[in-house]
Amino acid sequence: MEKNSFVKPRSFLDRIKSIFSAGPAKEHIDDLEEALIEADIDLAIVDELTEALKKERVSSFEAAKKFLKDQFIFKLKENNPDSVKHRKIMILTGINGAGKTTTASKLAHLYQSKGKKVMFVAADTFRAAAIEQLETWAKRSGTDIVKGMDGGDPAAVVFDGVVKAKKEGHDVVIIDTAGRLHTKVNLMQELLKIKRVILKEFPEEDIDTLIIIDTNTGKNAFSQAKEFNDTLKLTGVILTKFDSSAKGGSIIRIKHELNLPIKYMTFGENVEAISEFNAEEFVEGLFE
Ligand SMILES: Nc1nc2c(ncn2[C@@H]2O[C@H](COP(=O)(O)OP(=O)(O)OP(=O)(O)O)[C@@H](O)[C@H]2O)c(=O)[nH]1
Ligand SMILES: [Mg+2]
């Protein structure tokens with residue numbers, strides 16, 4: 001694993017503050033560069049920002065803060081006019097404990113509240129508790145669920161699920177998968193197999209292949225997103241635990257370098273604690 005060198009936003013902000021209190025920004029551009037890099041903002045953006053800062057002659061802390069905020073919001077919104085466009089099949093992937101199963105319940109709740117017919121597919125056959133976790137919510141909310149046996153082939157469960165969804169006309173199929181490390185090739189291939197069986201029943205444009213990222217993750221979030229994207233061609237990101245976290249600048253890197261839309265954010269254990277991603281709110285969090 002990469003060393004977790006995440007710098008809390010507070011110190012990121014404190015550093016910028018001290019850079020500006022030390023005199024005109026121009027003389028401290030190297031310090032600023034370093035502070036941005038340490039907050040996981042990627043190099044391409046840092047270069048762009050520091051160039052612009054020089055050109056615009058941003059000379060006070062407040063002005064720099066506003067400038068950076070505007071830039072980050074712009075980056076997060078860039079190229080994604082339809083970032084939350086709904087797709088029928090949602091595959092939730094990600095590393096262990098990122099929040100996949102909890103997010104599955106939240107998404108179901110969200111879509112049901114819009115009158116959609118939802119189905120869960122419990123494709124985490126690795127952990128018995130994962131099936132139960134989803135089943136409990138399915139019972140409580142009256143959501144259809146397709147599940148397999150413990151230790152069974154997750155792709156087989158998914159195939160059963162999509163065939164049934166096609167027959168019974170579900171609007172949304174939410175597939176919960178087992179947590180896995182992005183560095184484990186065989187487990188990544190298992191996800192690819194899941195995607196392939198869906199393609200037997202539904203066209204690619206109906207499939208939302210999502211990575212769930214815990215906002216607390218730090219720099220490692222980028223490698224996770226990159227590996228999952230290389231294997232699966234992701235269509236978006238869901239950020240979790242927004243309530244409990246130091247908010248990572250690596251999300252901006254994920255958006256910028258991989259051009260993946262950030263679709264939803266979750267902010268608590270409650271089933272209603274999910275909303276469409278809000279770039280302004282996210283960036284405010286980065287500067288808190
Ligand atoms: N505070 C907070 N906790 C969350 C949020 N989302 C998930 N959690 C917690 O994070 C933990 C892991 O959540 P799960 O949904 O089980 O994560 P998972 O990715 O399915 O985990 P595995 O299946 O083991 O890979 C649980 O304790 C959840 O309650 C959130 O938005 N805020
Ligand atoms: Mg799970």
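**Exercise 1. Two lysines with positive phi**

Is Lys-233 buried or exposed, and how many other C-beta atoms lie within 10 Å? Determine this for the predicted model, and then treat Lys-241 in the same way.

*Solution.*
Step 1. Locate Lys-233: this residue lies in the loop between α9 (220-232) and β6 (236-240).
Step 2. Apply the cut-off: a residue is exposed if 12 or fewer other C-beta atoms lie within 10 Å of its own, and buried if there are 20 or more. Lys-233 has 12 such atoms within 10 Å and is therefore exposed.
Step 3. Examine the backbone: phi of Lys-233 is near 50°, a positive value in a residue other than glycine. Most residues other than glycine have a negative phi.
Step 4. Turn to Lys-241, which is found in the loop between β6 and α10. Its phi is also positive, near 60°.
Step 5. Lys-241 has 22 C-beta neighbours inside 10 Å, so this residue counts as buried.

**Exercise 2. The sheet and its edges**

Establish the strand order of the sheet, and explain why β3 and β8 stand at its edges.

*Solution.*
Step 1. The sheet is open and consists of eight strands, in the order β3-β2-β4-β1-β5-β6-β7-β8, with mixed pairing.
Step 2. β3 (144-147) and β8 (274-276) each have a single partner strand, so one side of each is left without a neighbour in the sheet.
Step 3. From one strand to the next, the twist averages 25°.
Step 4. Consider the β3 end. Strand β2 (residues 118-123) runs parallel to β3, and four bridges join the two. Within this pair, Phe-120 has Ile-145 of β3 as its bridge partner.
Step 5. Consider the β8 end. β6 and β7 run parallel and are joined by three bridges, whereas β7 and β8 pair in the antiparallel sense, also over three bridges.
Step 6. Follow one residue across these strands: Met-265 in β7 is the bridge partner of Leu-239, and Met-265 in turn has Ser-275 of β8 as a bridge partner.
Step 7. Strand β7 (residues 262-266) is mostly covered, five of its five residues being buried.

**Exercise 3. Strand β1 and its two neighbours**

Describe how β1 is covered, and identify its pairing with β4 and with β5.

*Solution.*
Step 1. Strand β1 spans residues 89-93, and five of its five residues are buried.
Step 2. In a regular strand the side chains alternate between the two faces of the sheet. On one side of β1 are Ile-89, Ile-91 and Thr-93, and on the other Met-90 and Leu-92; all are buried, and both faces are covered.
Step 3. Towards strand β4 (residues 172-177), the pairing is parallel and comprises four bridges. Here Ile-89 stands opposite Val-173.
Step 4. Towards strand β5 (residues 207-214), the pairing is parallel as well, with five bridges. Leu-92 stands opposite Leu-210 in this pair.

**Exercise 4. Helix packing**

Classify the packing of α4 with α10 and of α8 with α9, and state the handedness of each crossing.

*Solution.*
Step 1. The axes of helix α4 (residues 61-77) and helix α10 (residues 250-258) come within 9 Å and cross at roughly 45°. This angle makes α4 oblique to α10.
Step 2. The crossing of α4 past α10 is left-handed.
Step 3. Helix α8 (residues 185-199) packs with α9 at an angle of about 45°, the axes being 9 Å apart. These two helices are therefore oblique to each other.
Step 4. In contrast to the α4 crossing, which is left-handed, α8 passes α9 in a right-handed crossing.
Step 5. Select a residue of α9: Ala-225 lies in this helix. Ala-225 has 25 C-beta neighbours inside 10 Å and so counts as buried.
Step 6. The C-alpha atoms of Ala-225 and Ile-211 are separated by 6.9 Å, although the two residues are 14 residues apart along the chain.

**Exercise 5. The surroundings of ligand 1**

Characterise the shell of residues around ligand 1 by membership and by class.

*Solution.*
Step 1. Ligand 1 is surrounded by 20 residues, of which the closest are Gly-99, Lys-100, Thr-101, Thr-102 and Gly-179.
Step 2. Helix α5 (residues 100-113) gives the most to this shell, contributing three residues.
Step 3. Sorted by class, the shell has 11 polar, five charged and four nonpolar residues.

Definitions and conventions. Residues numbered from 1 in each chain as written. Chains lettered and ligands numbered in written order. Predicted model: local features only at pLDDT ≥ 70, side-chain atom pairs only at ≥ 80, totals over all residues. Pairing = 2+ DSSP bridges. Near = placed C-beta within 6 Å. Nonpolar A, V, L, I, M, F, W, Y, C, P; charged D, E, K, R; others polar. Axes fitted to C-alpha atoms, helices over the stretch in contact; angles between N-to-C directions. Parallel < 35°, antiparallel > 145°, perpendicular 65-115°, else oblique. Left-handed = near helix turned anticlockwise from the far one by under 90°.
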